[in-house]
Amino acid sequence: LFTLSLKVVSVDVSVKEILGDIVLVKLEKEKLLFNDQWYCRCINVTTPSGECVEFPCYRWIANEQEVVLRDGKGRLPQDDNMKEYRRMELESRQRLFRWKEWHPGFPLSIDANTSTELPVDIQFETAKTVDFTLNYLKAITNLGLNELMMLFQSSWTDIADFEKIFVKIKNTVSEHVMQNWNEDLMFGYQFLNGCNPVMISKCRNLPDNFAVTQEMVESSLDRGLTLQEELKAGNIYIADYAILEGVQANATDPDTKQYLAAPFCLLYKNSQNEILPIAIQLSRQTTAEVFLPSDDQYDWMLAKMWVKCSDFNVHQLVTHLLRTHLTSEVFAIAMYRQLSAVHPVYKLLIPHVRYTIAINTAAREKLICESGLFDKANVTGGIAVVEVIHKAMKTLTYKSLCFPESVKARGVDNKDDLPNYYYRDDGMMVWEAVKRFVSLVVWIYYGSDESVQEDEEIQAFVQDVCSSGMKYCPQNSGEYRINLLNVRVSVHVHVIAYALCLHEVQNVTNFDWFAWVPNSPSTMRKPPPTQKGQVDMKYIMESLPDRGRASWHLGAVWALSQFQDGELFLGVYPDAYFTEQPVKEATETFREELAKVTKIIKRRNEKLKLPYWYLSPDRIPNSVAI
């Protein structure tokens, strides 16, 4: 089956000679005067006995290019009698998929400066899909923000002015945020189920440089216990933005000075199981002012804005860019470099790296590059991008990329201890469903731990991830060395489950939670307050993003929240890389499990005032591609 332009064409070829057992199919396209390319989905060969042998392709066939196809059976290298073809295939791919150090200290990326330099099989189908400038400007136009852009550098006069942005916005969550953003309950809720639900951690001991005291928070504790008793009881949580300490704020615009803080935010689970902020410190100094809910309304409002500004920027650079996009690209490149197309792990992973390298290349080209779009509205633009990623890489370990490990490390894994944490609950259901699917598939091919150790391709894949792609991570190569089946399974679950779940929460929620600018400012234009009683509404408006930056911010979060055209969702595999019946049965079981998870989430959401659907499997894209 070939795809030409937008047509699907089936070509039948009959051969009269007896060919014997068909082990390879070669495709070659003659060079014409114009550069036309054909996309081949698969070749089906019917033998004289009536047996049909499938040869999956799913590749573009270009001028004078010879493509060699194996049948659709998954084969481990040690069990394959055509090792020479595997070697030639991988050598060819390694010439196409080369590692490159885009920035020292970053995960390594593909060796391509522009999207057009990428291998044709991993490019987007249309260039406009990844044109960030076009998408952002389109978003600004669709949202009616063109006139506001002309007032760049001009401050808003009042919080209510931000409602002007909402004239064309019809979004249930965003409107709910707009109406309730300044309530402490809404502020606390977002640490559980907002756009960056990975910052909240159980607090057993207060940081030494957090100057909060019992007397300060006594009025916020509703159980009659002291702060130390509440800490011991497990009712105190913290969001710590230490990663931003010492980072240089965006200085790319000489006309607007921007400021960054590295706050502490202490959170309390009250007797109604609500998460509420009870103390905020904007500086790391022990002599710093601690802002409290009992303070003047403007002091407390601005302190919460500073926390949300820090949260927004950590979300964009660490949770979103590094932990989903850049790490997924590392796994994708290593997969192409080290795993043959007949390797079962290649077949398992390839639907989940669709367009990942392409979107990252486009981002490096126009979004996070020097003078890129990221600089226009975010306080962590400019040199801060590099500084923050460098810091985040120091804590990026394999375990931190495993969903269960990540929530356990933060002390938020117990449902009874911290209820209504839908990100955790739904994420764990998806993780377990993916893990069971991966386990079923890999056990079809691997019969023992010894077979894993004998698999030179999977070992090379893991080694490439560790020693090349993630070489700037802490010295954790032992974590990446695959010796046991359960460890190997979890590597694949990371690519499919953790990155997809985390990315879905980071991306689609952008517009919901960030469209109301006061709720999550992308930058601050006044320094953080150091004393109480000196803040008024005028100071707050001069601190928040100006009209131009607010417009760029809104255009960005709108563009990032859109699904791709023709988006494929978790469990949907139109390309039949696997042809064996046991794998097809495992895939069907996987779909059934995902459908059950979807029903559970839908049933729960029917009872919620603010439904949480972000990790419903029918809304999780198959790959990190936006």
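This passage walks through a five-stranded sheet, the helices lying across it, one arginine in a loop, and a pair of packed helices, all in a predicted model.

The sheet is a good place to start. It is open, its five strands follow the order β9-β10-β11-β12-β13, and the pairing is antiparallel. At the edges stand β9 (201-202) and β13 (290-291); each has a single partner strand, so one side of each is left without a neighbour in the sheet. Further in, β10 (residues 236-240) and β11 (residues 264-269) run antiparallel and are joined by five bridges. Here alanine 239 sits opposite cysteine 265 of β11.

Two helices lie across this sheet. Helix α5 crosses β10, β11 and β12 (275-281), and its direction makes an angle of about 95 degrees with β12. Helix α8 (residues 297-338) lies across β11, β12 and β13, again at about 95 degrees to β12. As for α5 (residues 184-193), seven of its 10 residues are buried, so this helix is largely enclosed by the rest of the structure. The buried residues of α5 are Met186, Phe187, Gly188, Gln190, Phe191, Leu192 and Asn193.

Next comes arginine 223, which is found in the loop between α6 (214-217) and α7 (227-233). With a relative accessibility of 29%, arginine 223 counts as partly exposed. Along the sequence, arginine 223 and asparagine 270 are 47 residues apart, yet their C-alpha atoms are 7.5 Å apart in space. Leaving aside residues up to four places away in sequence, arginine 223 touches Glu230, Asn235, Tyr268, Lys269, Asn270 and Ser271. With lysine 269 there is a specific link: the arginine 223 side chain reaches the backbone oxygen of lysine 269 at 2.7 Å.

Elsewhere in the chain, two helices pack together. Such a pair is described by the angle between the axes and the distance between them. For helix α13 (residues 422-445) and helix α20 (residues 581-605), the axes come within 9 Å and cross at roughly 170 degrees. Angles over 145 degrees count as roughly antiparallel, and α13 and α20 are therefore roughly antiparallel to each other. On the α13 side, the contact is made by residues including Met429, Val430, Phe437, Leu440 and Ile444, while α20 brings in, among others, Val583, Phe590, Leu594, Val597 and Ile601. Sorted by type, the residues of this contact comprise 18 nonpolar, one polar and four charged.

Notes:
Residues are numbered from 1 along each chain as its sequence is written. This is a predicted model: local features need pLDDT of at least 70, side-chain atom pairs count only at pLDDT 80 or more; totals for chains, interfaces and linings use all residues. Side-chain values use heavy atoms; hydrogens and water are left out. Axes are lines fitted to C-alpha atoms, for helices over the stretch in contact, and angles run from 0 to 180 degrees between N-to-C directions. Helices (H or I, at least four residues) and strands (E, at least two) are DSSP runs, numbered from the N terminus. Angles under 35 degrees count as roughly parallel, over 145 as roughly antiparallel, 65 to 115 as roughly perpendicular and the rest as oblique. Contact means heavy atoms within 4.5 Å. Ala, Val, Leu, Ile, Met, Phe, Trp, Tyr, Cys and Pro count as nonpolar, Asp, Glu, Lys and Arg as charged, and the others, Gly among them, as polar. Buried means under 20% relative accessible area, exposed over 50%, partly exposed in between (1.4 Å probe, protein chains only). Two strands pair if DSSP finds at least two bridges between them. A polar contact is a pair of N or O atoms within 3.5 Å; within protein, one must be able to donate a hydrogen and the other to accept it, and residues adjacent in sequence count only if both atoms are side-chain atoms.
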